[in-house]
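The following exercises introduce a single protein chain by means of short tasks and worked solutions. Please attempt each task before reading its solution.

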Amino acid sequence: VRTQVVDSLRAMGARTEVQPGCRCVETYVSADDVDVVVLIEEWESLVTLESHIRSTDFRAVLAAIDLSSEQPEIQVDQVVIRQGLNYLQTVLNSNG
């Protein structure tokens, strides 16, 4: 079942990452725990994410959830601010 889930998620990811507003789609499998599969999607906005969730392609994610032997952990994070190297330098140079 794990192979079927991973293959399904990767196929969906290949179709999804070319959609408007999609920044990336990654599927990871744990080397330590056969029950752990991680899907990460990054979207330009909440509007594009919600459109994707309503899409036919997202049904592959729902089908993968249905194949799970246990209730999967699902987490949706919204990153409000994205900072780079300048932020790290500021923190490292601060007295805090």
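**Exercise 1. A cysteine and its surroundings**

In which strand is the place of Cys22? State also whether Cys22 is buried or exposed, and which residues it contacts.

Solution. The model is a predicted one.
- Step 1: Cys22 belongs to strand S1, which covers residues 22–29.
- Step 2: The relative accessibility of Cys22 is 11%, and the limit for a buried residue is under 20%, so Cys22 counts as buried.
- Step 3: With neighbours within four places in sequence left aside, Cys22 is in contact with Thr16, Glu17, Glu42 and Trp43.
- Step 4: The C-alpha atom of Cys22 is separated by 29 Å from that of Asp32, 10 residues apart along the chain.

**Exercise 2. Counting disulfides**

Determine how many disulfides the chain has, and explain the result for Cys22 and Cys24.

Solution.
- Step 1: A disulfide requires two cysteine sulfur atoms within 2.5 Å.
- Step 2: For Cys22, the nearest cysteine sulfur is that of Cys24, 6.5 Å away.
- Step 3: For Cys24, the closest cysteine sulfur is in Cys22, and the 6.5 Å between them is too far for a bond.
- Step 4: The count is therefore 0 disulfides.
- Step 5: As for accessibility, Cys24 has a relative accessible area of 22% and is partly exposed.

**Exercise 3. The environment of Thr16**

Describe where Thr16 lies, how accessible it is and what it touches.

Solution.
- Step 1: Thr16 is part of helix H1.
- Step 2: Its relative accessible area is 0%, so Thr16 is buried.
- Step 3: The side chain of Thr16 comes to 2.8 Å from the backbone oxygen of Met12.
- Step 4: Not counting residues up to four places away in sequence, Thr16 touches Cys22, Val25, Trp43, His52 and Asp57.

**Exercise 4. The largest nonpolar core**

Identify the residues of the largest nonpolar core and the elements that give two or more residues to it.

Solution.
- Step 1: The core has 7 residues: Val5, Leu9, Met12, Phe58, Ala60, Val61 and Ala64.
- Step 2: Helix H1 (2–16) and helix H3 (59–67) are the elements that each give two or more of them.
- Step 3: Leu9 illustrates the packing: beyond its neighbours within four places in sequence, Leu9 contacts Thr27, Val37, Leu39, Ala60, Val61 and Ala64.
- Step 4: A broader tendency may be recalled here: in soluble globular proteins, nonpolar side chains tend to be buried together.

**Exercise 5. One face of a helix**

Find the buried residues of helix H2, and show how they are arranged about its axis.

Solution.
- Step 1: In helix H2 (residues 46–53), the buried residues are Thr48, Leu49 and His52.
- Step 2: Viewed down the axis of H2, these buried residues fall within an arc of 100 degrees, so they line one face of the helix.
- Step 3: The partners of the buried residues of H2 are H1 and strand S2 (37–43), against which they pack.

**Exercise 6. The chain as a whole**

Decide whether the chain is more spread out than a compact globule, or not, starting from its elements.

Solution.
- Step 1: There are 4 helices and 2 strands in the chain, in the sequence pattern α-β-β-α-α-α.
- Step 2: The radius of gyration is 17 Å, well over the 12 Å that the globule rule gives for 96 residues, so the chain is more spread out than a compact globule.
- Step 3: The C-alpha trace spans about 50 × 35 × 20 Å along its principal axes.
- Step 4: Buried residues make up 19% of the 96 residues.

Definitions and conventions
Residues numbered from 1 in each chain as written. Predicted model: local features only at pLDDT ≥ 70, side-chain atom pairs only at ≥ 80, totals over all residues. Heavy atoms only, no water. Core = buried A, V, L, I, M, F, W, Y, C linked by side-chain atoms within 4.5 Å. Buried < 20%, exposed > 50% of the residue type's maximum accessible area, 1.4 Å probe, protein only. Contact = heavy atoms within 4.5 Å. Polar contact = N/O pair within 3.5 Å; in protein donor to acceptor, adjacent residues only side chain to side chain. Arc of directions from axis to C-beta. Rg over C-alpha atoms; globule rule 2.2 N^0.38 Å.
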